[in-house]
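Trainee: Could you take me through one part of this model in some detail? I'd like to look at the sheet and the charged pairs that go with it.

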Amino acid sequence: AGVVALVGLAAWIVFGTSVFGVRQVRVAGTEVLTPAQVIEAAGVPMSRPLASLDLAAVRDRVAALPPVERVRVVRKWPNAVVVEIVERTAVAAVPQAGRFAVVDASGVVFRSVAERPADLPIVRVADPRRDDPATRAGLAVLGALTPQLREQLAEVAVAGPARVSLRLQGDRTVVWGDASRNELKARVATALLERDGKTINGNTIDVSAPDVVTIR
């Protein structure tokens, strides 16, 4: 009986009192977000018994923040909650109404900035979002470009899922078409941009059908 009473008392202290209640929320892995933003979204009630805290609910609230790709929430005994964030990786900037929407490789817009980030290529698409076919096409093409094409890239222009083109430095254009056979198109376009170190004649290369390329 004494052992049972002690176990019951210990359980009550752990699950029913604030002796092992939350005193601190620690955040790791943020760059775009601030720790304060994560803590606010997590909504962890201070002094709530750590053992009875709903970690899944905390995780879901933090995961709803647009910059968050993955999140892990763990108890750190005796009194802390640790929120570990993996933020989305920016791959492109999309001009929109005088600002730039920053998107990841899946097309999720997770940030809006006033100036174009210098390290991001431009993808020009009307309505950037994960489920937009034009967005997906533009990002798929961007991801397939060779280093040579990326070096000369001014922007990826996406008029539609099958109307992708590259605008390059020197007023040159690569008509890409849809996002099929991207690796082959990239190799062909790269090979045609320069031959024996000399720029080819013609400002437009059409690789939409990479087996029958046209230059004009």
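Mentor: Sure, let's begin with a pairing: E1 and strand E3 (residues 80-87) run parallel to each other, joined over five bridges. Strands here are DSSP runs of E, at least two residues long, and helices are runs of H or I, at least four residues long, both numbered from the N terminus; two strands pair if DSSP finds at least two bridges between them. One bridge to look for is Val27, whose partner in E3 is Val83.

Before we go on, this is a predicted model: local features need pLDDT of at least 70, side-chain atom pairs count only at pLDDT 80 or more, and totals for chains, interfaces and linings use all residues. Numbering starts from 1 along each chain as its sequence is written, and side-chain values use heavy atoms, with hydrogens and water left out.

Now step back to the sheet: it's an open one of three strands, ordered E1-E3-E2, with mixed pairing. Strand E1 (24-28) and strand E2 (68-76) are the edges, each pairing on one side only. From one strand to the next, the twist averages 20 degrees.

Two helices lie across these strands. Helix H2 (residues 35-42) crosses E1 and E3, at about 125 degrees to E1. Helix H3 (residues 55-63) crosses E2 and E3, at about 150 degrees to E2. Those angles run from 0 to 180 degrees between N-to-C directions, with axes fitted to C-alpha atoms, for helices over the stretch in contact; contact means heavy atoms within 4.5 Å.

On to the charges. Side chains of opposite charge can pair when their charged atoms come close. Here a salt bridge is a side-chain nitrogen of Lys or Arg within 4 Å of a carboxyl oxygen of Asp or Glu, and the whole structure has eight of them. One of them joins Arg72 and Glu84, at 2.9 Å from N to O. Arg72 sits in strand E2 and Glu84 in strand E3, 12 residues apart, so the pair links distant parts of the chain. Arg72 is partly exposed at 47% relative accessibility, and Glu84 is also partly exposed, at 32%. The cut-offs are under 20% relative accessible area for buried, over 50% for exposed and partly exposed in between, using a 1.4 Å probe and protein chains only.

For another pair, try Arg167 and Glu155, with their closest N and O atoms 2.6 Å apart. Arg167 is in strand E9 (residues 164-168) and Glu155 in strand E8 (residues 153-158). Arg167 is partly exposed at 39%, whereas Glu155 is buried at 9%. Arg124 joins Glu155 and Arg167 in a network of salt bridges.
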